[in-house]
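Trainee: Please take one part of this model and go through it closely. I would like the sheet and what packs around it.

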Amino acid sequence: MASTTLRFNAAIYSKAALEATREAYAEFARLAVAREGGTWVVDVEPLTADLAADVLALEIMNFALAETAHQKRGVSA
Amino acid sequence: MLRDQSSLDLTVNGRIYPLEAVMAAAYTFLDRAYVLLDKDKNDVRVRLWPKEGRAAAATEGDFYNELLNEALRLKIAKQNQQVREMVINRALFAATNTNVEEEVLDRALDSLDNLDDLNLDLDSDNLDFLDDPLGIAVPWEEKFAADAKKKEGEGDKAAEKPGAPEGEAK
């Protein structure tokens, strides 16, 4: 199935946030998280054909940002 | 990358807007757009993909406004941090420090014990509001009138004695 690659700046996005994203979307897509220098590279492979890969990737991108923001803000969020 | 044609690329000066403010602004925009943040030295690059039914120009303008709002909020939060911490510390200290309350309670109980020692029938139904078992309402002149008369009598006797120095009985 067609996969999409997302690249996140490691100075902004945390590994924990990306791991949480991977777990959250486990039933919709297979996410492979890898580090390349200062970048997190995430390969998104949808598990079903009816999901548009690019839209799913955008949703995953938003979720990763939300998780990072939550973790940075802590209890004061 | 994804949907290149419909995305908005914004560059935010990191020396004016801290990363936390950019992230908070981006967070509030998650329902209106897909957001990707990137960093380039001192600047933060924001890429927005407005969701369906959202005008790109309006989204961009709203994002700048939200960015300013979050930056100011962050600045004020930092300015008031000490005051907020002090108020919270005081509130928590007052709530958890039960020693003071226990001391006050102990004193109150001690005073009740002292009343018991006097064997006063304070709980009796016969006690009227005009009753004064402790003698608090008795005027000073009445209470010590007998003592004063005794002292006066002793003073007169001493004055009658020969050789007694003047003023000794006073």
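Mentor: Here is the sheet of chain A, then the contact with chain B, then chain B itself.

First, the ground rules. This is a predicted model, where local features need pLDDT of at least 70, side-chain atom pairs count only at pLDDT 80 or more, and totals for chains, interfaces and linings use all residues. Residues are numbered from 1 along each chain as its sequence is written, while chains are lettered from A and ligands numbered from 1 in the order in which they are written.

Start with the strands. In chain A, three of them make an open, antiparallel sheet in the order β1-β3-β2. Strands here are DSSP runs of E of at least two residues, helices are runs of H or I of at least four, and both are numbered from the N terminus. Two strands pair if DSSP finds at least two bridges between them. The edges are β1 (4-9) and β2 (29-36) of chain A; each has a single partner strand, so one side of each lacks a neighbour in the sheet. From one strand to the next, the twist averages 20 degrees.

Now look at one pairing. β2(A) meets strand β3 (residues 39-46) of chain A in the antiparallel sense, over eight bridges. Within β3(A), A:W40 is the bridge partner of A:R35.

Two helices cross the strands. Helix α1 (residues 15-24) of chain A lies across β1, β2 and β3 of chain A, at about 165 degrees to β2(A). α2(A) also lies across β1, β2 and β3 of chain A, but runs at about 20 degrees to β1(A). Axes are lines fitted to C-alpha atoms, for helices over the stretch in contact, and angles run from 0 to 180 degrees between N-to-C directions.

Helix α2 (residues 53-73) of chain A matters again at the contact with chain B. That contact takes twelve residues from chain A and 15 residues from chain B. Two residues are in contact if their C-beta atoms, placed from the backbone, lie within 7 Å. α2 gives the most to the chain A side, with nine residues. By class, that side has eight nonpolar, two polar and two charged residues. Nonpolar means Ala, Val, Leu, Ile, Met, Phe, Trp, Tyr, Cys and Pro; charged means Asp, Glu, Lys and Arg; the others, Gly among them, are polar.

Across the contact, chain B has six helices and three strands. From its N terminus, the elements of chain B run β-α-β-β-α-α-α-α-α.
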